[in-house]
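Colleague: Got a minute? I'd like to go over the cysteines and the internal holes in this one.

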Amino acid sequence: MARANSSRVTEFILLGLSDERELQVLLFTAFLLAYAMVLLGNLLIIAAVRTDPKLSSPMYFLLCNLSFLDICCTSVTAPRMLVDLLCRRKAIAYEGCMAQLFFLHFVGSSEMFLLTVMAYDRYAAICRPLHYPAIMSRWACGLLVSSCWAGGFLHSITQTLLTIRLPFCGPNAIDGYFCDVPPVLRLACADTRTTQWLVASNSGLISLACFLLLLASYVPILLAVRGRAPHGHCRALSTCAAHLAVVTLFFVPCIFIYLRPFPTFPLDKYVCVSYTVLSPVMNPLIYTLRNSEVQESLWRLWKRCRA
């Protein structure tokens, strides 16, 4: 990094959420608890779905994949963040930064696509119940989930290639607790305006399109349940409201971060907490653990483990 023209950044410094020691300890405790909840809740869901034949419907197959993605998404950022909260110098190698960027977008965009597929699954189950077995057959579910992973990979490799081709010669301080495209692009020693627009049109439009499709899927669902018994109607509204709340918690921050050309705002790193920590904590509670069938399956799993 000493030679002006041939120098290259070999590591980045993560500034984190705060430089106050007392607040760092508090954040470490809170994020450690959140990460433990993500691991425990989602691993229980995966174990219940994989071991209970009664949870073999397409909905639970998709929920099992969502739980796996939640674990992966949180594990990309949380362990590093927890270590950095206890360290004074928060450095990450250039290669590690690019790897974190790639995997974050890989699992994050795959989860966006999967949440959209889950919305389609609910629409098919409620609005087209007679055709549902054919629409969401085992082959169709496998194809849809594979498409989510493939779409996530294509999106992520595009973001990574757009970033990795840029020169970095200093400064190397990232205002955040993980490597992401917007803050990293700010450090490039080149004109990144074209790259910024390409990233916004890719990540931002994907986030917005998936969110709008999710919202649109709830319209026919709510119209379909409107004529049912009051108890069933209220239960459906409660479920839809809970789903919309956690989906909004995930998508709206992503839209705020990515659907605009940079520069970044100081608020961005706090907004990122929503979809890297809070949303993965809420997903198992909202989507699965409130479900009576899953609760019964977990109870049966607990009794088998004690036997």
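Modeller: Sure, disulfides come up before cavities here.

Modeller: This is a predicted model, so local features need pLDDT of at least 70, side-chain atom pairs count only at pLDDT 80 or more, and totals for chains, interfaces and linings use all residues. Residues are numbered from 1 along each chain as its sequence is written, and side-chain values use heavy atoms, with hydrogens and water left out.

Colleague: OK, how many disulfides are there?

Modeller: Two, taking a disulfide as a pair of cysteine sulfur atoms within 2.5 Å. Counting bonded cysteines along the chain, the pattern is 1-3, 2-4.

Colleague: What does cysteine 97 pair with?

Modeller: Cysteine 179, with S to S at 2.1 Å. The torsion about that S-S bond is about -120°, so the disulfide is left-handed. Cysteine 97 lies in helix α3 and cysteine 179 in the loop between β3 (173-174) and α6 (181-185), so the pair ties together parts 82 residues apart in sequence. Helices (H or I, at least four residues) and strands (E, at least two) are DSSP runs, numbered from the N terminus.

Colleague: Is cysteine 97 buried or exposed?

Modeller: Buried, at 0% relative accessibility, and cysteine 179 is buried at 0% too. Buried means under 20% relative accessible area, exposed over 50%, partly exposed in between (1.4 Å probe, protein chains only).

Colleague: And which cysteine is joined to cysteine 169?

Modeller: Cysteine 189, S to S 2.0 Å. That link is left-handed, with -130° about the S-S bond. Cysteine 169 is partly exposed at 32%, and cysteine 189 is partly exposed at 29%.

Colleague: Why is the sulfur of cysteine 210 not in a bond with cysteine 148?

Modeller: The closest cysteine sulfur to that of cysteine 210 is in cysteine 148, 8.7 Å away, which is too far for a bond. Cysteine 210 is buried, at 6%.

Colleague: Switching to holes: how many cavities of 30 Å³ or more?

Modeller: Two. On a 1 Å grid over the protein atoms alone, a cavity is a set of points where a 1.4 Å probe fits but cannot get out, and lining residues have an atom within 4 Å of a point. Grid points are joined across faces, edges and corners, and a volume is the space filled by probe spheres set on the points.

Colleague: What's the volume of the largest cavity?

Modeller: About 150 Å³. It has 13 lining residues, and those closest to its centre are His105, Gly108, Ser109, Met112 and Tyr258. Helix α3 gives the most to that lining, five residues.

Colleague: And the second largest cavity, what volume?

Modeller: About 80 Å³. Its lining includes Phe31, Asp84 and Lys90, and helix α2 (residues 58-86) gives the largest share, three residues.

Terms used. 1 Å grid on protein atoms, 1.4 Å probe; cavity = no way out; pocket = protein on both sides within 12 Å on 5 of 7 lines; lining within 4 Å.
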